[in-house]
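Thanks for sharing this one. Here are my notes, in numbered points, for you to follow alongside the coordinates.

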Amino acid sequence: MCPMNCHPTLCGVKVNIENNRVLSVTGDEKNPCSKGFICGRGKASAEIPHSPQRVLHPLYRESIHDEFSRIPWADAFDLMYQGLKNPRRAALWAGHGAMSNNYGTRIYPQLINRFANQCGALFWDPSIICWGLGAFGLHLTGLTETTSGIELADHSDLIIIWGADFSSQPLTAQHVLAAKKRGATLISIDVRGNQTTKKCDENYVIRPGTDAALAIGLMCVIVEENLTDEQFIQKHTVGFDQLKNYLVECDLDDIASNTGITTSQIRSLARQYTSAGSSCIILGGSSIHKGSNGWSASRAISSLPALTGQVGRPGAGLGPRHGGWPHGSKFLDISGQKKYKGSNEATLQMANFLQKLNNKEIESLFLFGSNIASSFANTNELKKGLRNLPLIVCHDLFSNETSKEYAHLLLPSTTWLEEIGCKRTENHLHLMEQIQKPIGEAKSVYDILSELSIRLDLTDFNIWHDAETLVDHVIRKISDNSLNIEELRKNGGHGKLNVGTTAHPELIFDTPTQKLELWSRRAEEHNLAPIPISNLPAQSHEAINDQSYTLTFGRTMDHFHAFYNHGRAIPSMKQPNQQPAITMNREDATSLGVGDKDVVVIYNELGEFTTSVRLSEEIPRGVLWSRSGWQGLNQITRSDSVIGNTAIRITPVSSGQSSFVSNVKIRIAKTTEKNIFCSKQ
Ligand code: SF4
């Protein structure tokens with residue numbers, strides 16, 4: 001499988017290897033899910049194993065101001081052992097780089113969590129960097145399962161692509177386009193026009209952070225025009241009356257003016273959504289849920305199918321999305337008992353991590369495949385804490401911003417071809433056999449934690465004794481014992497899971513009432529709005545008047561995640577990823593005297609970020625858009641928590657990413673700044 005982790009797209013690949021050298025990576029026609037599809041990112045993965053930039057030996061420096069020197073693994077283990085001697089002051093964190101061989105099965109994040117629990121260290125939930133707030137909103141409503149891509153292609157009559165981008169899930173794009181060919185209508189809702197919106201029949205460009213408001217507007221029309229499914233509401237939801245009382249008080253014109261689209265557009269959208277046979281919403285992953293009201297969007301949007309009965313039938317509900325799984329999915333939990341009760345308090349919030357770091361409550365930090373100096377919000381604040389840590393260990397394939405600037409110990413990681421693993425797509429498990437000997441002195445997460453567990457005398461940690469037995473255990477657990485490693489081997493590495501293609505077919509939901517909760521007691525008990533509300537973001541939309549802008553984020557086809565040093569370690573992905581670029585409305589730029597490709601400084605009270613500018617008519621005035629991951633970008637994003645520490649634990653999978661809010665101003669870069677910017681790239 002491709003190591004790029006674009007869940008829910010995970011493609012099968014064929015690796016052409018000779019004398020332990022990877023020659024090429026091509027699409028695997030025999031893969032039951034991707035059927036031969038591969039994109040440029042996937043093909044570029046052939047450049048990873050033998051890259052001259054790869055870290056091949058353990059490297060150490062006593063001070064972050066020194067140069068790294070090569071050390072033996074035995075010394076590296078000694079240093080890690082020392083860093084874990086006071087485990088309550090140690091923190092472990094897994095990034096996507098540690099999941100390139102086990103996405104969906106969660107083997108390494110679970111193993112790292114198990115290790116932390118057994119030695120008494122902190123384990124920081126990886127999803128706080130990503131889309132935890134989206135999960136929070138969906139779980140409050142109870143609409144958690146996803147409709148499969150095949151159902152979209154075969155059954156959906158209307159597909160709303162809401163804050164989602166095909167570059168995040170190219171395989172879903174194929175299903176959506178197949179639906180379109182069959183006659184389905186495609187509608188996009190986004191903060192800008194892009195390659196995905198171009199494929200749609202209708203596009204609605206809304207202001208950043210007004211997704212919840214738009215969903216409320218749609219609900220107003222649905223209720224006012226009696227477009228609800230009364231029978232469904234009666235049988236399968238709670239709280240309709242409370243929601244209705246709120247909706248009748250809402251002013252649709254007001255909502256429309258906040259969102260930036262017209263009242264008649266909202267009415268038309270609501271009527272289309274309710275009149276189609278099967279309507280499906282493909283909800284965005286991380287970017288749509290960044291903001292001071294991050295979780296409100298998924299909370300409100302997931303209430304639309306509940307009001308209209310677009311649930312539990314083929315092609316309806318919510319489509320494939322990051323972090324979403326089909327009906328009947330089982331998950332792996334090998335995290336085990338925590339050694340110290342309460343040792344993981346508040347490890348679900350980015351803001352709390354910053355607090356612990358800056359209060360010097362953490363002394364050693366172990367990062368597996370993570371580049372937090374890039375992906376964490378408010379990185380200037382984070383960096384202050386990182387600078388003072390006595391020990392930072394980075395385990396990765398390539399050096400990155402975090403390891404270059406802050407690591408004491410940089411450890412070489414195996415690639416996905418040099419270790420055994422197992423990945424999971426919508427309805428299959430895929431065995432990832434080791435087909436290459438580790439290059440240099442690379443070790444896997446499994447190797448490192450097993451060795452450390454022996455040194456720390458964690459006798460219950462590695463009960464599998466070897467990585468293959470662990471993978472077999474995982475396959476059995478996730479498949480409810482219907483599959484095992486040998487079965488997968490006999491079947492070309494693939495095993496079909498017993499999961500459904502339709503979401504919530506039994507109309508039983510994972511909420512306290514087992515119904516879709518339009519009113520949530522859990523939310524009320526934690527001082528959150530019990531019903532979905534429009535909850536406009538704290539940031540101003542009066543950008544044009546005070547010349548401040550709302551910065552929004554997303555992905556591109558040539559960049560994904562922070563690993564491989566944001567693609568810059570892969571030659572064919574390096575070219576488009578050399579120089580930060582943000583997209584800006586052409587009229588806004590003209591009013592500031594900024595031209596296409598000019599270098600500007602974007603700044604706010606947190607810091608500044610130097611970037612070149614791309615002018616576009618496809619982005620509204622007052623809005624800037626950037627792909628995530630540029631060095632320095634998160635210096636201007638906020639790290640405040642969006643949800644309280646106790647509320648964040650209401651639902652089983654949610655976690656609290658920061659708001660990432662960024663209201664910025666722009667100035668043209670001075671000549672010296674331009675020179676630094678150009679020489680850095
Ligand atoms: S779409 Fe994603 S998983 Fe598929 S080949 Fe491209 S990068 Fe790999």
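1. Let me start with one residue pair: Leu429 stands opposite Gly495 in strand E18. This is a predicted model, so please read every value below as computed from it. The strand that pairs with E18 here is E17 (residues 428-432), and the two run antiparallel over 3 bridges.

2. Now the sheet around that pair. It is open, has 3 strands in the order E16-E17-E18, and its pairing is antiparallel. Strand E16 (421-424) and strand E18 (494-496) are the edge strands; each has a single partner strand, so one side of each lacks a neighbour in the sheet. On average, neighbouring strands are turned by 20° against each other, with direction ignored.

3. E16 deserves a closer look. With E17 it pairs in the antiparallel sense over 4 bridges, and the two strands form a hairpin with 3 residues between them. Lys423 has His430 of E17 as its bridge partner. Are the faces of E16 covered or not? Both are covered: Gly421 and Lys423 on one side, and Cys422 and Arg424 on the other, are all buried.

4. Next, the nonpolar cores. As a general point, nonpolar side chains in soluble globular proteins tend to be buried together. In this model the largest nonpolar core has 53 residues, and Ile160, Trp162, Met219, Ile266 and Leu304 have the most contacts inside it. Helix H8 (residues 211-224) supplies the largest share of this core, with 11 residues. Apart from it lies another core, of 50 residues, which includes Phe368, Leu409, Ile420 and Phe461.

5. If you want to inspect one residue of the largest core, try Ile266. Which residues does Ile266 contact, leaving aside neighbours within four places in sequence? They are Leu214, Gly217, Leu218, Val221, Leu252, Ile255, Ala256, Thr259 and Ile261.

6. Helix H4 (residues 132-141) is mostly covered, with 10 of its 10 residues buried. Among the buried residues are Leu133, Phe136, Leu138, His139 and Leu140. The buried residues of H4 pack against several elements: strand E11 (279-283), helix H13 (294-301), helix H14 (303-308), strand E12 (317-318), strand E19 (516-517) and helix H22 (521-525). After H4 comes Gly142, with a positive phi near 105°.

7. For the ligand, the surrounding residues are Cys2, Met4, Cys6, Thr9, Cys11, Phe37, Ile38, Cys39, Arg41, Gly42 and Pro170. By class, this shell divides into 8 nonpolar, 2 polar and 1 charged.

8. A few backbone details may be worth checking by eye. The peptide bond from His7 to Pro8 is cis, with omega near 10°, and Pro8 lies in the segment before strand E1 (13-18).

9. Two residues have a positive phi although neither is a glycine: Asn378, at about 50°, and Asp457, at about 60°. Asn378 is in the loop between helix H16 (372-375) and helix H17 (379-387), while Asp457 is in the loop between helix H19 (445-455) and helix H20 (467-478). Is each of them buried or exposed? Asn378 has 11% relative accessibility, which is under the 20% cut-off, so Asn378 counts as buried. Asp457 has 58% relative accessibility and therefore counts as exposed.

Methods. Residues numbered from 1 in each chain as written. Predicted model: local features only at pLDDT ≥ 70, side-chain atom pairs only at ≥ 80, totals over all residues. Heavy atoms only, no water. Near = heavy atom within 4 Å. Nonpolar A, V, L, I, M, F, W, Y, C, P; charged D, E, K, R; others polar. Core = buried A, V, L, I, M, F, W, Y, C linked by side-chain atoms within 4.5 Å. Buried < 20%, exposed > 50% of the residue type's maximum accessible area, 1.4 Å probe, protein only. Contact = heavy atoms within 4.5 Å. Pairing = 2+ DSSP bridges. Axes fitted to C-alpha atoms, helices over the stretch in contact; angles between N-to-C directions.
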